[in-house]
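Welcome, and please have a look at the model below before reading on. A short tour of its features comes after it.

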Amino acid sequence: MDKRLLIVEDDPGLQSQMRWCFSDNIEVTVASDRESALTSLRRFEPQVVTLDLGLPPDPGGATEGFALLEDIVRLAPTTKVVVVTGREDRENAVKAIGMGASDFYQKPLDGDILTFVVNRAFRLAELELENRELAQNRNGTSIKGIVAASPQMLSLCRMVEKVAPADVTTLIIGETGTGKELLARAIHDMSHRADKTFSAINCAAIPENLLESELFGYEKGAFTGATQSKKGKKGKIEMANGGTLFLDEIGDMPMALQAKLLRFLQERVIDRVGSVNPVQVDVRVVCATHRNVEDLVASGEFREDLYYRISEITLDVPSVRERDGDAMVIAQSLLKSLGKQLDRPQLSFTEDAAQAIQSYSWPGNVREMINKIKRATIMAEGKRVCASDLQLRTDQATLDGNVLNLRQVREEAERTAINHALQTSNYNMAQAARLLGITRPTLYNLTDKYKIETSPVVSDV
């Protein structure tokens with residue numbers, strides 16, 4: 001953290017001496033009375049204050065110093081106050097500690113001792129800040145990596161906490177970039193399998209002819225190139241024995257493999273490619289997809305019996321635009337963490353940047369937000385990230401000659417797109433959701449939000 005020290009001392013000579021005690025990495029400001037000290041406290045926000053109790057108009061006493069100490073404790077309770085007293089003034093030092101000062105230092109001035117005391121106060125302030133940040137980073141959830149304050153996401157996190165201990169197959173659905181794998185890992189970490197393997201595979205990222213051997217393993221000689229060892233190679237399912245298997249993008253699994261996966265889920269045994277000896281496996285299965293599995297079942301692309309097997313519990317992850325107020329919460333958290341990574345820890349958002357973040361629809365969800373804020377962290381001038389640094393695409397629209405705000409633009413665009421999709425699909429909700437690239441539950445939520453009719457209006461002629 002940037003170290004900022006406020007020296008409250010009415011003697012100009014001591015002010016100068018105390019300034020020179022501190023290295024270049026500490027930013028120092030000086031005040032000579034209570035009023036100027038309070039002004040500096042508000043503007044400068046120091047982590048540490050050295051406070052001489054003998055201030056005007058009572059330089060020979062301590063009334064003004066004690067009054068200022070009370071003000072500091074009330075206005076800036078996290079600021080560490082080091083009280084400076086005379087050699088024979090131990091009683092006031094003890095009283096100041098009782099009022100909230102963190103330490104005291106006795107005159108006459110000794111640079112080395114003063115520096116030690118002040119640096120100790122800075123270290124204490126830093127430790128307390130780290131503790132507060134750790135507490136804040138939970139953001140109302142106990143799930144690592146999930147930043148949330150919205151009722152929609154907090155409700156989902158509570159569901160995860162309930163589901164995790166129950167050894168049931170779970171399906172996580174939601175748009176790309178919403179954090180489905182984080183939730184899958186949370187289910188594993190909160191379960192009795194936490195000390196075992198978490199094995200993940202993306203069904204859409206592996207060619208169809210390799211996916212079976214990746215999942216189920218193979219025996220040596222089962223196919224060209226199957227020369228891993230004398231015993232062949234274990235697949236992801238077998239490697240996760242005792243732990244959790246995460247099948248990402250399960251909606252893209254080829255139909256031929258769906259039958260083999262269904263057999264495994266029913267019997268908990270696998271057959272390696274090229275083997276006739278079944279292997280017993282104890283593993284919990286968590287699946288995820290951004291596609292609407294019910295629509296895939298209806299179109300014959302996904303087995304209905306497998307769908308029921310993988311969805312004993314279904315978790316529907318809301319998109320960022322559906323999470324009330326979370327866009328700004330996530331953005332602040334990302335700016336803090338990325339700022340530390342890129343050595344720009346003091347960055348903050350300007351008002352126009354905050355407005356843009358809250359008004360943007362975030363079609364790429366958190367994944368898109370990470371990219372935008374990382375770029376902004378690098379490109380920002382000074383200590384403020386402005387809207388132009390984020391490079392969010394926002395349409396300009398006018399109504400009755402007046403420019404709409406960004407939230408109105410987004411809502412109007414969503415309303416228009418939904419109406420067009422419904423008309424194009426002849427009000428088939430599943431087809432309209434596919435056209436819009438969202439899930440059917442999301443489409444129902446949006447039609448309710450904008451009070452859009454989900455069936456054609458028939459007028460009497």
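The tour goes from the whole chain to its cores, then to three single residues.

This is a predicted model, where local features need pLDDT of at least 70, side-chain atom pairs count only at pLDDT 80 or more, and totals for chains, interfaces and linings use all residues. Residues are numbered from 1 along each chain as its sequence is written, and side-chain values use heavy atoms, with hydrogens and water left out.

The protein has 19 helices and 16 strands, taken as DSSP runs numbered from the N terminus (helices are H or I, at least four residues; strands are E, at least two). Of its 461 residues, 45% count as buried, meaning under 20% relative accessible area; exposed is over 50% and partly exposed lies in between (1.4 Å probe, protein chains only). Among contacts between residues at least 6 apart in sequence, 67% join residues at least 24 apart; contact means heavy atoms within 4.5 Å.

Now to the interior. In soluble globular proteins, nonpolar side chains tend to be buried together. The largest nonpolar core here has 29 residues, and Leu215, Ile237, Leu247, Ile250 and Phe264 have the most contacts inside it. A nonpolar core is a set of buried Ala, Val, Leu, Ile, Met, Phe, Trp, Tyr and Cys residues joined through side-chain atoms within 4.5 Å. Elements giving two or more residues to this core include β6 (170-173), α8 (208-216) and β8 (244-248), while the largest share, five residues, comes from α10. Apart from this core lies another of 25 residues, among them Ile330, Leu335, Ala353 and Trp362.

Here are three residues side by side.

| Residue | Place | Relative accessible area |
|---|---|---|
| Asp52 | strand β3 (residues 48-52) | 6%, buried |
| Gln258 | helix α10 (residues 255-267) | 0%, buried |
| Leu342 | loop between α13 (326-341) and β13 (348-349) | 36%, partly exposed |

For Asp52, UniProt lists "modified residue: 4-aspartylphosphate" in an unreviewed entry; such annotations may be inferred rather than shown by experiment. Not counting residues up to four places away in sequence, Asp52 touches Val8, Glu9, Asp10, Val84 and Lys107. With the same kind of neighbours within four places left aside, Gln258 is in contact with Met253, Glu301, Phe302, Arg303 and Leu306.

What does Leu342 form with Ile378 and Met379? Together they make a nonpolar patch on the surface, with about 270 Å² of accessible area. Patches are made of residues with over 30% relative accessible area and no salt bridge, with like charges joined within 9 Å and nonpolar side chains (Val, Leu, Ile, Met, Phe, Trp, Tyr) within 5 Å. A salt bridge is a side-chain nitrogen of Lys or Arg within 4 Å of a carboxyl oxygen of Asp or Glu, and accessible areas come from the Shrake-Rupley method with a 1.4 Å probe.
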